[in-house]
Amino acid sequence: MGTMSMGIIIPRSEAEEISRSKGWILVFGRRKTGKTFLLRKMVPHDYYFFVTRGGEIFDASGGEVKTLPYSIFLERLKQFLTEERTIVIDEFQRLPDEFLDFLHYIKPLSKAKLVLVGSSIQVSRKILSKRSPLLGIIKPIRIGLIKPVDMVLALSREVGPYKTLQLAPLLRDPWILEFVDYRKNIEEIVKQVVQAIRYSCKGLIGEVFLEEDRELTERYEAVLRAIADGYNTPGLVANYVSNVMRGVFKSHDVKKYISNLLEMGLVKRKRVYSKKRYLYQLDSPLLDLFYFLDVKFGFYEIDTPQDLLISKALNKIPLYYEEFIIELLAQILNAEIQKSLKPEIDGVLVKTGKPVAVVEVKYGKAYREDIYKFLAKTENFKCKKILVAKEAEEVKGVELLTPLKIIKQLGKKYRDWRRTPSQS
């Protein structure tokens, strides 16, 4: 009931949301986030149609796959929609434009649950725009990286607590699971990841733009590279892109690119605590690692010594670890992540405008002086103070979480949330 690799299955909470939802649903998100796998393997359905790039329609409902002409597909669909069935149409955005009008017309007669699946930015815009015939009659569900809680619950059944949290950020892109043997040590796994991303990441991004009928412009690429290189505000990105493209880039030009990348799920942002500013990051650690190595070594085109790449990639692991743990705690507390710059705090978790927790993450052991420093710089915060470390002494006023504690708490909190999936 999830994304699988070498015997590991990662159950995804979105599958439950889709299965529980009544009515019509739009499932969207960038490529390779596991949408097709999720719908074929995890969501019970009666009929499954897939639309190819050339506009052919595959009927994959039974054991064998049949090709249907559009007219016959429409006839069948008309029939199926009047029954109490679940119908999935994958890459539906490749169908003719009048298809949406057909759906609008048939909706009052429909008893079926219809799941439309699409992978391009236009999909959500088209369906959820003010002029869309489907606005208000279809519920959007976005599929991004595997959620932190899903990742940890599945992975912690296979490896120890600390290794679970080290690996989790790298494995949240479902496609990487086929290339990685999670039983190996961290160095080996990072080596497998570095080899896999060298040729796959460009494709992931390229496809996002390909479906939009605009080539992957150098500008978007330059924006992604800038963000991966640590330029995390529109102003800084604009300077970087101006230098690279040897032209003048205004911050507001860059904002337009960044907002498209946000919408595509390639970039995420965090608000600066108590400010109206945002810091930007690449959403996927794998894309971040790809562009980071490419900026530093021309990784994509130049053969760089493997040891050098791996040592640089290993240096990024503590950062991804910190990010991931803050995201995990935010998901558990159902809070928004903000970042405090003065004083520098790893994570401020905010609900309805008020901080509910401040978080400090240590990749290894935390010493008493670290904990007292954390207490001192957060003295003005009247909320929970959480320190995450591999090991540390208890200090009054700080909730200490070790990887083991985090996983035990998750196990308790989500035990009834879903049954253990069968391994397959």
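The largest pocket of this predicted model has a volume of about 850 Å³. Pockets and cavities were located on a 1 Å grid over the protein atoms alone. A pocket is an open set of points with protein on both sides within 12 Å along at least five of seven lines. A cavity is a set of points where a 1.4 Å probe fits but cannot get out. Lining residues have an atom within 4 Å of a point. Grid points are joined across faces, edges and corners, and a volume is the space filled by probe spheres set on the points. The model is predicted, so to speak of local features requires pLDDT of at least 70, side-chain atom pairs count only at pLDDT 80 or more, and totals for chains, interfaces and linings use all residues. Residues are numbered from 1 along each chain as its sequence is written, and side-chain values use heavy atoms, with hydrogens and water left out.Thirty residues line the largest pocket, and R172, K268, D283, E327 and I337 lie nearest its centre. Helices α11 (251–264) and α13 (306–333) and strands β10 (267–272), β11 (278–282) and β12 (336–340) each supply at least two lining residues. Helices (H or I, at least four residues) and strands (E, at least two) are DSSP runs, numbered from the N terminus. Strand β10 gives the largest share of this lining, five residues. By class, the lining has ten nonpolar, seven polar and 13 charged residues. Ala, Val, Leu, Ile, Met, Phe, Trp, Tyr, Cys and Pro count as nonpolar, Asp, Glu, Lys and Arg as charged, and the others, Gly among them, as polar.

The second largest pocket holds about 570 Å³ of space. It is lined by 24 residues, of which K270, Q281, D288, L319 and E323 are the closest to its centre. Helices α9 (218–228), α12 (285–297) and α13 and strands β10 and β11 each supply at least two residues of this lining. Here the largest share, seven residues, comes from α13. The lining of the second largest pocket has ten nonpolar, four polar and ten charged residues.

Salt bridges were searched for across the whole structure, and 25 were found. A salt bridge is a side-chain nitrogen of Lys or Arg within 4 Å of a carboxyl oxygen of Asp or Glu. One network of salt bridges links R172, K268, K270, E323 and E327. R172, K268 and E327 are among the residues nearest the centre of the largest pocket. K270 and E323 are among those closest to the centre of the second largest pocket.

Three further pairs were examined. R12 and E14 form a salt bridge, with their closest N and O atoms 3.6 Å apart. E14 is buried at 1% relative accessibility, and R12 is buried at 1%. Buried means under 20% relative accessible area, exposed over 50%, and partly exposed in between (1.4 Å probe, protein chains only). R31 pairs with E91, the closest N and O atoms being 3.2 Å apart. R31 lies in the loop between β3 (25–28) and α2 (35–41), and E91 in the loop between β7 and α4, so this salt bridge ties together parts that are 60 residues apart in sequence. R31 counts as buried at 10% relative accessibility. E91 is also buried, at 5%. The salt bridge of D46 with R85 has its closest N and O atoms 4.0 Å apart. D46 sits in the loop between α2 and β4, and R85 in the loop between α3 (70–81) and β7, so the pair ties together parts that are 39 residues apart in sequence. D46 is partly exposed at 34% relative accessibility, and R85 is partly exposed at 33%.

Strand β7 (residues 86–90) follows. Five of its five residues are buried, so β7 is largely enclosed by the rest of the structure. In a regular strand the side chains alternate between the two faces of the sheet. T86, V88 and D90 point one way from β7, and I87 and I89 the other way. Two strands pair if DSSP finds at least two bridges between them. Four bridges join β7 to β4 (residues 47–51), and these strands run parallel. Within this pairing, F49 stands opposite I89. Five bridges join β7 to β8 (residues 113–118), also in parallel. K113 in β8 is the bridge partner of T86. Strand β7, helix α4 (residues 98–106) and strand β8 make a right-handed β-α-β unit. A crossover is right-handed if, with the strands pointing away from the viewer, the path from the first strand over the helix to the second runs clockwise.

The structure also holds two cavities of 30 Å³ or more. The second largest cavity contains about 70 Å³ of space. Its lining consists of F92, Q93, L95, P96, D97, F99, L100, V123 and K126. Helices α4 and α5 (121–128) each supply at least two of these residues. Six lining residues are nonpolar, one is polar and two are charged.
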